[in-house]
Amino acid sequence: MLSAAWDELVERGYSRFTIDGVAARAGTSRPVIYRRWPARSDLAIAAIRHHGRNQPVAVPDTGSVRQDLITVLRDASATRSELAALISVQMGEYFTETGRAPADLRAEFLSGRQQPFSIDEVLRRGIERGEIDPDRLTPRIANVPLDLLRHELLMTLQPVPEETITEIVDEIFLPLVRKQP
């Protein structure tokens, strides 16, 4: 049912997301869905959370924080452009109806993951190898690569070009966190 709800959200957007549509797509009935999710907003959140849990996050280990970050951003761009489009274009009515914000949906998408969040692991390894100065890595700076990638995804609704990913890593992030001579 949750995969059917996700597909319905992606194809129809929240404004045309209905329990009837999900029931038809899932081959079930409205009462079956309402027993578990009393409102369409509850079902939408459950579908987003389910989709996030079923999106495996590979944590690369190339031996280089630069290459690991580029790999993480490349993979996130390829797999998250659909979510960025959904949140920015098709969920407006959801935000109005529930009073929630895009950051809330992002938190739902990421909740319950079994693996460590890949960028955190990449940064931890970078610190261990001496490529990153832990004193310069504040929580805000640690978020810069994904924040910039997310911005690109939300602004273009397309996967981020390789040259933009490389620029984020080489020209913005690494100069902020490298050990100073």
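Start by selecting aspartate 20: at 43% relative accessibility it counts as partly exposed (buried is under 20% relative accessible area, exposed over 50%, partly exposed in between, with a 1.4 Å probe and protein chains only). Keep in mind that this is a predicted model, where local features need pLDDT of at least 70, side-chain atom pairs count only at pLDDT 80 or more, and totals for chains, interfaces and linings use all residues. Residues are numbered from 1 along each chain as its sequence is written, and side-chain values use heavy atoms, leaving out hydrogens and water.

Now add arginine 30, whose side chain meets that of aspartate 20 in a salt bridge, 3.1 Å from N to O (a side-chain nitrogen of Lys or Arg within 4 Å of a carboxyl oxygen of Asp or Glu). The pair links helix 3 (residues 30–36), home of arginine 30, to helix 2, home of aspartate 20, 10 residues apart (helices are DSSP runs of H or I, at least four residues, numbered from the N terminus). Arginine 30 is partly exposed too, at 39%.

Next, pick arginine 40 and glutamate 97, another salt bridge at 3.0 Å, N to O. Arginine 40 sits in helix 4 and glutamate 97 in helix 6 (residues 92–98), so this bridge ties together parts 57 residues apart in sequence. Arginine 40 is buried at 18%, while glutamate 97 is partly exposed at 42%.

Then hop to arginine 25 and glutamate 11, with closest N and O atoms 3.0 Å apart in their salt bridge.

Last stop: select Asp61, Asp68, Glu121, Arg124, Arg125, Glu128, Arg129 and Glu131, linked in a network of salt bridges. The structure holds 16 salt bridges.

Terms used
Helices (H or I, at least four residues) and strands (E, at least two) are DSSP runs, numbered from the N terminus.
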